[in-house]
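The exercises below are meant to be worked through with the sequence and the coordinates side by side. Try each task before reading its solution.

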Amino acid sequence: QGQVDSDPGLAYAFAVSLVKTGAYDEGMRRLKAVEEGNPKSADVHTLMGSALADQHEYDAALQEYRKSLAIDPNQAQTHYLAGLALIHNGHPKEAVDELRSALKMNPGDVSTEYHLAFSLIQVQQKEEAKTLLREVIQEDPNRGDAYYELGKLQLEQGDTKAAVTSLETGTKVSPEADYIHYQLAMAYRRDSRTEDAEREIKLYQSLKNRERGRGDAPQSD
């Protein structure tokens, strides 16, 4: 224990392991001790921010990300994490700025592209969002959330057939995502496909019930 405390590298590594295994209080205590000895460590502030975000303390997390970026502004991952914290805090315009910075430093990163698209939708920049969502789908065809957001946009803009196609694909790649089934039901209704809409609503309700632990009891033959 004494060797860990006396070696900054070991102390940092131990604090990281504590945070990553969910021992946040002890991990944060140790990170603060490391930070006091090395206040110019961007990594320490980013890790502290991540630990706070894991506990849904997004304001405090953002403060740590800001400290980290003040030390080293060229951290794509920290800009990305700051963007996520801003999304959670309901500040999509600021999130767009952080996520654009992250994407500029790390072009083609699918998670950054998706969350940037999500934020752009919130600030009514929907055409750019659609372009990004299509890029996400091309790069990662198994992202059900991207099909969901694209389908919602297409339905909102009156492109019902395209919305149905996007959302059907979304339910195939993410069959357990109840919200995609619900949105697909809305698209089917818009397309006058009543039976298909009813089927999707039933699937949605079944998945919601299962999630709440109230699924139907198995039936015997």
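**Exercise 1: Elements and overall dimensions**

The chain contains 13 helices and zero strands, where helices (H or I, at least four residues) and strands (E, at least two) are DSSP runs numbered from the N terminus. The model is a predicted one, in which local features need pLDDT of at least 70 and side-chain atom pairs count only at pLDDT 80 or more, while totals for chains, interfaces and linings use all residues. Residues are numbered from 1 along each chain as its sequence is written, and side-chain values use heavy atoms, with hydrogens and water left out.

Task: set the radius of gyration of the chain beside the value for a compact globule of 221 residues.

Solution. Begin with the rule, which is 2.2 Å times the number of residues to the power 0.38, the radius being taken over C-alpha atoms. For a compact globule of 221 residues this gives a value near 17 Å, whereas the chain has 22 Å. Then turn to the principal axes, along which the C-alpha trace spans about 70 × 50 × 25 Å.

**Exercise 2: The nonpolar cores**

Task: find which residues of the largest nonpolar core touch the most other members.

Solution. First apply the criterion: a nonpolar core is a set of buried Ala, Val, Leu, Ile, Met, Phe, Trp, Tyr and Cys residues joined through side-chain atoms within 4.5 Å. Buried means under 20% relative accessible area, exposed over 50%, and partly exposed in between (1.4 Å probe, protein chains only); 45% of the 221 residues of the chain count as buried. The largest core has 43 residues, and within it Leu31, Tyr65, Leu116 and Leu133 touch the most other members. Apart from this core lies another, of 11 residues, including Val164, Ala177, Ile180 and Tyr188.

Next, examine Leu116, which, leaving aside neighbours within four places in sequence, is in contact (heavy atoms within 4.5 Å) with Val96, Leu99, Arg100, Leu103 and Leu132.

**Exercise 3: Positive phi in two loops**

Task: locate histidine 56 and serine 192, and decide whether each is buried or exposed.

Solution. Recall that most residues other than glycine have a negative phi. Histidine 56 has a phi near 65 degrees and lies in the loop between helix H4 (42-54) and helix H5 (58-71); its relative accessible area is 60%, so histidine 56 is exposed. Serine 192, with a positive phi of about 60 degrees, is found in the loop between helix H12 (178-190) and helix H13 (194-211), and its relative accessibility of 65% makes serine 192 exposed.
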